Amino acid sequence: MMSDYAAARHNMIENQIRPNRVSDPRILDAFEQVPRERFVPHALKGIAYADEDLHLGDGRYLIEPMILARLLQDAQPDATDIALDIGCCTGYTTAILSRLVSTVVAVEQDQTMVDVGNQHLAELEIDNAAVIKGQLPDGYPRQQPYSLILIAGGVEYVPQVLLDQLSDTGRLLTVLYDKDGWIGRAVSFEKAGGRTARRIVFDAGTPLLPGFAKEPGFVF
């Protein structure tokens, strides 16, 4: 069975990720090394490498591998980056990031997912990342600034408190939905000289994370 998972993982890279403009060898290697099947319930292990978001229960999803890979390709993670991973669920995005940056602080608001995520990191002997319980829109200001922030799901807006946690020249990647909640686009927020600019990267759709719905009358 392990060889079956390894083959499925390799096929995911060759058929889903690499053809979709992901060429960074470090990113491809990270996806090759992290066993996605460990981060889903037993009933979903057989489709762990499907090209789709996987529902983990309670409205939470493991983000589609291709979208995650393309977000990371655009982010150009560096071995010196300090990363904040928002909405990591069971820790898959954290495990991927841990192989690309210096340190990962992951925030998850579900205690069970916090515990499971940290267990997975320990089992994989990942010692430069940890999952911390907190409200997703708040991030984790105690360890700011971060040179890279990943919001691992869809949002209707990006809270200013998260943008404030970016270092100068830092970048934040997520999937942002339009005002009607129909069209999603992967976007990069990049800070320079104290100002933050937004850049559309590609069209994308992924389920919304809790806590990132626009309030009536909200304008960004």
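**View 1. Asparagine 128 and its partners from elsewhere in the chain.** Leaving aside its neighbours within four places in sequence, asparagine 128 makes contact with Ser98, Val101, Ser102, Thr103 and Val104. Asparagine 128 belongs to the loop between H5 and S5. Take arginine 99 as a second reference point for this view: asparagine 128 and arginine 99 are 29 residues apart in sequence, yet their C-alpha atoms are 8.9 Å apart in space. Please keep in mind, here and in every view below, that this is a predicted model.

**View 2. The unit built from S4, H5 and S5.** Strand S4 (residues 103–108), helix H5 (residues 111–123) and strand S5 (residues 129–133) come together here. They make a right-handed β-α-β unit. S4 and S5 pair in the parallel sense, over 5 bridges. To find your place in this pairing, start from valine 104, whose bridge partner in S5 is alanine 129.

**View 3. The open sheet and the helices packed on it.** How many strands form the open sheet, and in what order? There are 7, arranged S5-S4-S3-S6-S7-S8-S9, and the pairing is mixed. S5 and strand S9 (195–203) are the edge strands, each pairing on one side only. Neighbouring strands of this sheet are turned against each other by 20 degrees on average, direction ignored. Further along the order, strand S3 (residues 82–86) and S6 run parallel and are joined by 4 bridges. One handy marker there is aspartate 85, which has leucine 150 as its bridge partner in S6. Helix H3 (residues 65–75) packs on the sheet, where H3 touches S6, strand S7 (166–177), strand S8 (184–192) and S9. The direction of H3 makes about 155 degrees with that of S7. H5 also packs on the sheet, touching S4 and S5, and the direction of H5 makes about 170 degrees with that of S5.

**View 4. The antiparallel run S7-S8-S9.** S7 and S8 run antiparallel and are joined by 7 bridges. S8 and S9 run antiparallel as well, with 8 bridges joining them. Arginine 185 is a good residue to follow across this view: in S8, arginine 185 is the bridge partner of leucine 176, and arginine 185 also stands opposite aspartate 203 in S9. S8 and S9 form a hairpin with 2 residues between them. In the turn of that hairpin, glycine 193 has a positive phi of about 60 degrees.

**View 5. The largest pocket.** This pocket holds about 220 Å³ of space. Its lining counts 15 residues, and those nearest the centre of the pocket are Leu176, Tyr177, Asp178, Arg198 and Lys214. Which elements give two or more residues to the lining of the largest pocket? They are S7, S8 and S9, with S8 giving the most, at 3 residues. If you are thinking in terms of residue classes, the lining divides into 9 nonpolar, no polar and 6 charged residues.

**View 6. The largest cavity.** Rolling a probe the size of a water molecule over the atoms shows where empty space is left. For cavities of 30 Å³ or more, the count comes to 1. The largest cavity has a volume of about 60 Å³. Its lining consists of Gly59, Arg60, Tyr61, Ile63, Ala152, Gly153, Thr206, Pro207, Leu208 and Leu209. Strand S2 (60–62) and strand S6 (146–155) are the elements that give two or more residues to this lining. By class, the lining has 6 nonpolar, 3 polar and 1 charged residues.

**View 7. Backbone details worth a closer look.** Glutamine 144 and proline 145 are joined by a cis peptide bond, with omega at about 5 degrees. Proline 145 sits in the loop between S5 and S6. Turn next to aspartate 58, a residue other than glycine with a positive phi, near 55 degrees. Aspartate 58 lies in the loop between strand S1 (54–57) and S2.

**View 8. Lysine 45 and its contacts.** Lysine 45 is found in the loop between helix H2 (25–33) and S1. Not counting residues up to four places away in sequence, lysine 45 touches Tyr5, Glu37, Arg38 and Val40. Along the chain, lysine 45 and tyrosine 5 are 40 residues apart, and their C-alpha atoms are separated by 8.9 Å.

Key. Residues are numbered from 1 along each chain as its sequence is written. This is a predicted model: local features need pLDDT of at least 70, side-chain atom pairs count only at pLDDT 80 or more; totals for chains, interfaces and linings use all residues. Side-chain values use heavy atoms; hydrogens and water are left out. On a 1 Å grid over the protein atoms alone, a cavity is a set of points where a 1.4 Å probe fits but cannot get out, and a pocket is an open set with protein on both sides within 12 Å along at least five of seven lines; lining residues have an atom within 4 Å of a point. Grid points are joined across faces, edges and corners, and a volume is the space filled by probe spheres set on the points. Ala, Val, Leu, Ile, Met, Phe, Trp, Tyr, Cys and Pro count as nonpolar, Asp, Glu, Lys and Arg as charged, and the others, Gly among them, as polar. Two strands pair if DSSP finds at least two bridges between them. A crossover is right-handed if, with the strands pointing away from the viewer, the path from the first strand over the helix to the second runs clockwise. Axes are lines fitted to C-alpha atoms, for helices over the stretch in contact, and angles run from 0 to 180 degrees between N-to-C directions. Contact means heavy atoms within 4.5 Å.
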